[in-house]
Amino acid sequence: MKDFVEQHYVSLKKANPDFPILIRECSGVQARLWARYDLGKESSVSVDNMSADQVATALQTLVQSKP
């Protein structure tokens, strides 16, 4: 996850300036991506030990699976 943030955060934020992104660093916790959709619906996926490209694919899946 750290590699993904280092490699893609700036370009992701530039392409989506109004898209809220929250990154929290915490030791001893499994890395997860969370998506919050309309009407308070949420979804998450574990990205623990994934490469930056795998995290990007997981994020794309969350975006495309919007309920």
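Start by selecting Leu59: setting aside neighbours within four places in sequence, Leu59 is in contact with Phe4, Leu12 and Leu33, where contact means heavy atoms within 4.5 Å. Leu59 sits in helix 2. Helices here are DSSP runs of H or I with at least four residues, strands are runs of E with at least two, and both are numbered from the N terminus. Now add Ala35 to the selection: 24 residues separate Leu59 and Ala35 along the chain, yet their C-alpha atoms are 8.7 Å apart.

A word on what you have open. This is a predicted model, in which local features need pLDDT of at least 70 and side-chain atom pairs count only at pLDDT 80 or more, while totals for chains, interfaces and linings use all residues. Residues are numbered from 1 along each chain as its sequence is written, and side-chain values use heavy atoms, with hydrogens and water left out.

**Zoom out to the whole chain**

Switch to cartoon and you should find two helices and two strands. Read from the N terminus, the order is α-β-β-α. Along the principal axes, the C-alpha atoms fill a box of roughly 30 × 25 × 20 Å. The radius of gyration, taken over C-alpha atoms, is 12 Å, which agrees with the value near 11 Å for a compact globule of 67 residues; that rule is 2.2 Å times the number of residues to the power 0.38.

Turn on the surface next. The chain exposes about 5500 Å², and carbon and sulfur atoms supply 51% of that; the areas come from the Shrake-Rupley method with a 1.4 Å probe, and for residues only the protein chains shown count as cover. Of the 67 residues, 13% count as buried. The cut-offs are under 20% relative accessible area for buried, over 50% for exposed and partly exposed in between, with a 1.4 Å probe and protein chains only.

Want a database label? UniProt, in an unreviewed entry, lists residues 1-66 as "domain: Ribosomal protein/NADH dehydrogenase"; its positions are given in the numbering used here, feature names are shortened, and annotations may be inferred rather than shown by experiment. Select 1-66 and you have a span that is 41% helix and 15% strand, with its end C-alpha atoms 22 Å apart.

**Select 32-36 and 42-46**

Which side chains of strand 1 point to the buried face? Leu33 and Ala35 do, while Arg32, Trp34 and Arg36 point to the other face and are not buried. Strand 2 covers residues 42-46 and pairs with strand 1 in the antiparallel sense over five bridges; strands count as paired if DSSP finds at least two bridges between them. To follow the ladder, click Arg32, whose bridge partner in strand 2 is Ser46, then Leu33, whose partner is Val45.

Stay on Ala35 for a moment. Not counting residues up to four places away in sequence, Ala35 touches Lys41, Glu42, Ser43 and Leu62.

Five residues lie between the strands of this hairpin. Pick out Leu39 in that loop: its phi is positive, about 60°, although Leu39 is not a glycine. Most residues other than glycine have a negative phi. Leu39 is exposed, at 83% relative accessible area.

**Show the nonpolar core**

Select Phe4, Leu33, Ala35, Tyr37, Val47, Ala52, Val55, Ala58 and Leu62, the nine residues of the largest nonpolar core. Strand 1 and helix 2 (52-64) are the elements that give two or more residues to this core, and helix 2 has the largest share, four residues. A core of this kind is a set of buried Ala, Val, Leu, Ile, Met, Phe, Trp, Tyr and Cys residues joined through side-chain atoms within 4.5 Å.

**Finish in the loop before helix 2**

Asn49 is in the loop between strand 2 and helix 2. Here is another positive phi in a residue other than glycine, near 65° for Asn49. Is Asn49 buried or exposed? Asn49 is exposed, with a relative accessible area of 75%.

Met50 belongs to the loop between strand 2 and helix 2 as well, and is partly exposed at 29% relative accessible area. Leaving aside neighbours within four places in sequence, Met50 is in contact with Met1 and Val55. For a last click, draw a C-alpha to C-alpha distance from Met50 to Gly40: they are ten residues apart in sequence and 27 Å apart in space.
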